[in-house]
Amino acid sequence: MYDEEGTEYIDCINNVAHVGHCHPLVVQAAHEQNQVLNTNSRYLHDNIVDYAQRLSETLPEKLCVFYFLNSGSEANDLALRLARQYTGHWDVVVLDHAYHGHLSSLIDISPYKFRDLDGQKEWVHVAPLPDTYRGPYREDHPNPAVAYASEVKRVVSSAQEKGRKIAAFFAESLPSVGGQIVPPAGYFPEVAEHVRRAGGVFVADEIQVGFGRVGRHFWAFQLQGEDFVPDIVTMGKSIGNGHPVACVATTQAVARAFEATGFGGSPVSCAVGLAVLDVLEKEQLQAHAASVGSFLMELLGQQKAKHPILGDIRGVGLFIGVDLIKDEATRMPATEEADYVVSRLKENHILLSTDGPGKNVLKFKPPMCFTLDNARLVVAKLDAILTGSHRLHQKVENPTGEDRCSKVLQTHATLGQCPHWGWRLRGILTGADNSVQQDVFPPS
């Protein structure tokens, strides 16, 4: 990416620009179709049929009905409508810390959002995030997949005891906002069994993780086993490289229970979608994601041995999370330290961000054209920041305003051992409580 002054940045987080920013073949496809025809779904067009056919070739045979929309939020909203219409039920089970979109209906099923807004609705039921690093069932558990699935069963049973009926279980195939989580293999099939027994359907949200990003498979839900097939799959703007196109794929049985118009797509959007599939195939980006992702994981693993702040490195393909911790024993999230690292990386023209409940997980979801050289550079910069920065975060309280630097209440030595003896101090007066915040950095 480039800013308005032409400065170059390496983009490590923009999964929406799936095959690369402004890919010429995608731009050309949109331009050429725009010059011919763009209209609504009242008119038949080969692009729409061709795109549905191409998508069907990437999915299990059972998922053969496609609705085209303009955003991931609209796709998940339609998935919710489909589930309710098909099952005749209303309630939804979701994972803790989940995010499924910004429409009102989706904020209601996104704990990441509703906990800071209107709270949890009575028809929403929250199951534990299948996090084997921070959750109740960790990497040393003999069968975390079954254990976490049993938690979903418990949540469903509790809802049924109150007279509630489950319409759907929603999950990102790889929970992103939750902290770049990779659910244990076998978790989804177990959950699907419990949900379907309760009369619900399984919705796999692939908006941020599908289309070859995981490398080994085209869809992230396929990491859960060859035989596992969701009832509904949702996709977002990454299928159009940022163009406003999205999709819901489902079964004939679910589709027959739902009659609606307006989800037919447009010639331009489907031309863009076809172009993205062409680029993925011609540039072999799924295999590329597997090789570059493995290389990046290897480089990050080497850094973990060097820097104790790197608590867990997890991921698959070009979906990777680096969990920063203050202490190995407690795994306390290093939130401020993660924010500092992201800020320093931006100064070095690398765009990265944080996620997870503790905002301490560095998330890698770059465009699929991310290269081995990009990986080397990013990790080298990360290493330099962790090696050369010893950040002491001190907050000095003095309600009277006298001798404002007399009492140090809190010190965090966080980012590693620093060889420097010279320091420069920056004091920032917070004003509200007459305190001074000091950040201590090594000489540049």
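**Close-up 1. Strands 12 and 13 sit side by side.** Strand 12 is joined to strand 13 by 3 bridges, and the two run antiparallel. One pair to look for is Ser353 with Lys363 of strand 13, which stand opposite each other. A quick note before going on: this is a predicted model, where local features need pLDDT of at least 70 and side-chain atom pairs count only at pLDDT 80 or more, while totals for chains, interfaces and linings use all residues. Residues are numbered from 1 along each chain as its sequence is written, and side-chain values use heavy atoms, with hydrogens and water left out. Helices (H or I, at least four residues) and strands (E, at least two) are DSSP runs, numbered from the N terminus.

**Close-up 2. The sheet with 4 strands.** Here you see an open sheet in the order 9-10-13-12, with antiparallel pairing. Two strands count as paired if DSSP finds at least two bridges between them. Strand 9 and strand 12 (353-355) are the edge strands, each pairing on one side only. On average, neighbouring strands of this sheet are turned by 30° against each other, direction ignored. Helix 10 packs on the sheet and touches strand 9, strand 10 (319-324) and strand 13. The direction of helix 10 makes about 170° with that of strand 9. For these angles, axes are lines fitted to C-alpha atoms, for helices over the stretch in contact, and the angles run from 0 to 180 degrees between N-to-C directions.

**Close-up 3. A glycine inside helix 10.** Gly293 is found in helix 10 (residues 285-306). Is Gly293 buried or exposed? Gly293 has a relative accessible area of 1%, so it counts as buried; buried means under 20% relative accessible area, exposed over 50%, and partly exposed in between (1.4 Å probe, protein chains only). Leaving out residues up to four places away in sequence, Gly293 touches His288, Gly317, Leu318 and Ile320, where contact means heavy atoms within 4.5 Å. Val316 is 23 residues from Gly293 along the chain, yet their C-alpha atoms are separated by 6.7 Å.

**Close-up 4. Helix 12 and its buried face.** At 1.5 Å a residue, the 17 residues of helix 12 (residues 372-388) should span 24 Å, and its end C-alpha atoms are indeed 24 Å apart. (The expected span is 1.5 Å times one less than the number of residues.) Which residues of helix 12 are buried? They are Ala375, Val378, Val379, Leu382, Asp383, Ile385 and Leu386. Looking down the axis of helix 12, these buried residues fall within an arc of 165°, so they line one face of the helix; the arc is that of the directions from the helix axis to the C-beta atoms. An α-helix has 3.6 residues a turn, so residues three or four places apart point the same way. The packing partners of the buried residues of helix 12 include helix 10, strand 9 (310-316), helix 11 (335-347) and strand 13 (361-364).

**Close-up 5. Salt bridges, on helices and in a network.** The structure holds 18 salt bridges, each a side-chain nitrogen of Lys or Arg within 4 Å of a carboxyl oxygen of Asp or Glu. In one of them, Arg197 joins Glu193, with the closest N and O atoms 2.7 Å apart. Why are these two about one helical turn apart? Because Arg197 and Glu193 are 4 residues apart in helix 7 (residues 187-197). Arg197 is exposed at 56% relative accessibility, whereas Glu193, at 42%, is partly exposed. Arg344 forms a salt bridge with Glu347 too, with the closest N and O atoms 3.4 Å apart. Arg314 and Asp312 also meet through their side chains (2.8 Å, N to O), and both are buried. Arg134, Asp312, Arg314 and Asp323 are linked in a network of salt bridges.

**Close-up 6. The sheet with 7 strands.** This open sheet has the order 2-8-7-6-5-3-4, and its pairing is mixed. Its edge strands, strand 2 (65-69) and strand 4 (124-127), each pair on one side only. Strand 6 (residues 201-205) has 5 of its 5 residues buried, so it is largely enclosed by the rest of the structure. Val201, Val203 and Asp205 point one way from strand 6, and Phe202 and Ala204 the other way. Strand 5 (residues 166-172) runs parallel to strand 6, joined to it by 5 bridges, and Phe170 has Val203 in strand 6 as its bridge partner.

Note on methods: The expected span of a helix is 1.5 Å times one less than its number of residues.
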